[in-house]
Amino acid sequence: GSKPITLSALVSRALEGLEHGERAHVQLEPNRAARNLDLPVRTAAQAIRSVVANALDAAKENVTITGGSTKGRVRIVGVDDGPGLPADVLRHAREPFFTTKEPGRGMGLGLFLAESITSQLGGALTIDSSPGRGTSVTLELPERARA
């Protein structure tokens, strides 16, 4: 069920034990990081974790995670410095089992699951990318989930 957790604690929970997690740099808006959210913690953390794991796979060096909130919604953005996605890949990026990774490196469920969770909680996931620019994935969640 839902229980209060700060944005800062939620992001920390999402990154716990994540492979190469030390390459993810978290920069939350200071006045928002301590804000209490009322979300199903494990579920919301899983969505964030999927986005960050994906970004870490794509990144050359680092991933930046920013977060803030506005008008009853919280926004968490994962940005990688990877090669970026061409339009045809971007079109399919949220489909289940779609992956550009070599066999054995991933099942292509990360963004699909993140988006499923996000929409179940009443939020939205958006992806912005172009070749040579890296990729930015935004999770927008209600501060109080209906779940």
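What share of the contacts in the protein with a separation of 6 or more comes from residues 24 or more positions apart? The share is 70%. The points below go through the model, which is a predicted one, from the overall layout to single residues.

1. Overall content. The protein has five helices and seven strands. Taken in sequence order, these elements follow the pattern β-α-β-α-β-α-β-β-α-α-β-β. Of the 147 residues, 41% are buried.

2. The sheet. Five strands form an open sheet in the order E2-E4-E5-E7-E6, and the pairing is mixed. E2 and E6 are the edge strands, each paired on one side only. On average, neighbouring strands in this sheet are turned by 15° against each other, with direction ignored.

3. E5 with E7. Strand E5 covers residues 73–80 and is joined to E7 by eight bridges. The two strands run antiparallel. Within this pairing, Gly78 is positioned opposite Val137 of E7.

4. E6 with E7. E7 (residues 135–142) also pairs with E6, again in the antiparallel sense, over six bridges. Here Asp128 faces Ser136 of E7 as its opposite residue. The hairpin of E6 and E7 has five residues between the strands, and Gly132 in this hairpin takes a positive phi near 85°.

5. The two faces of E6. Side chains alternate along E6, which spans residues 124–129. Leu125, Ile127 and Ser129 point to one face and are buried. Ala124, Thr126 and Asp128 point to the other face and are not buried. Asp128, the residue opposite Ser136, therefore belongs to the face that is not buried, given that buried means under 20% relative accessible area.

6. Helices on the sheet. H1 lies across E2, E4 (63–70) and E5, and runs at about 170° to E2. H3 lies across E2, E4, E5, E6 and E7, and its direction is at about 175° to E7.

7. H3 against H5. Helix H3 (residues 41–58) packs on helix H5 (residues 110–120) at an angle of about 150°, and the axes are 8 Å apart. Because of that angle, H3 is roughly antiparallel to H5. The crossing of the two helices is left-handed. On the H3 side the contact is made by Thr43, Gln46, Ala47, Ser50, Val51 and Asn54. On the H5 side Gly110, Leu111, Ala114, Ile117 and Thr118 contribute. Sorted by type, the residues of this contact are five nonpolar, six polar and no charged.

8. Ser50. Is Ser50, a residue of helix H3, buried or exposed? Ser50 counts as buried because its relative accessibility is 9%. Not counting residues up to four places away in sequence, Ser50 touches Gly110 and Ala114. Both of these are among the H5 residues that make the contact with H3.

9. Arg23. This residue sits in the loop between helix H1 (7–15) and strand E2 (24–28). Which residues does Arg23 contact, leaving aside its neighbours within four places in sequence? They are Leu56, Ala59, Lys60, Glu61, Asn62 and Val63. For one of them, Ala59, the C-alpha atom is separated from that of Arg23 by 9.2 Å, while the two residues are 36 residues apart along the chain.

Definitions and conventions:
Residues are numbered from 1 along each chain as its sequence is written. This is a predicted model: local features need pLDDT of at least 70, side-chain atom pairs count only at pLDDT 80 or more; totals for chains, interfaces and linings use all residues. Side-chain values use heavy atoms; hydrogens and water are left out. Buried means under 20% relative accessible area, exposed over 50%, partly exposed in between (1.4 Å probe, protein chains only). Helices (H or I, at least four residues) and strands (E, at least two) are DSSP runs, numbered from the N terminus. Two strands pair if DSSP finds at least two bridges between them. Axes are lines fitted to C-alpha atoms, for helices over the stretch in contact, and angles run from 0 to 180 degrees between N-to-C directions. Angles under 35 degrees count as roughly parallel, over 145 as roughly antiparallel, 65 to 115 as roughly perpendicular and the rest as oblique. A crossing is left-handed if the near helix is turned anticlockwise from the far one by less than a right angle, and right-handed if clockwise. Contact means heavy atoms within 4.5 Å. Ala, Val, Leu, Ile, Met, Phe, Trp, Tyr, Cys and Pro count as nonpolar, Asp, Glu, Lys and Arg as charged, and the others, Gly among them, as polar.
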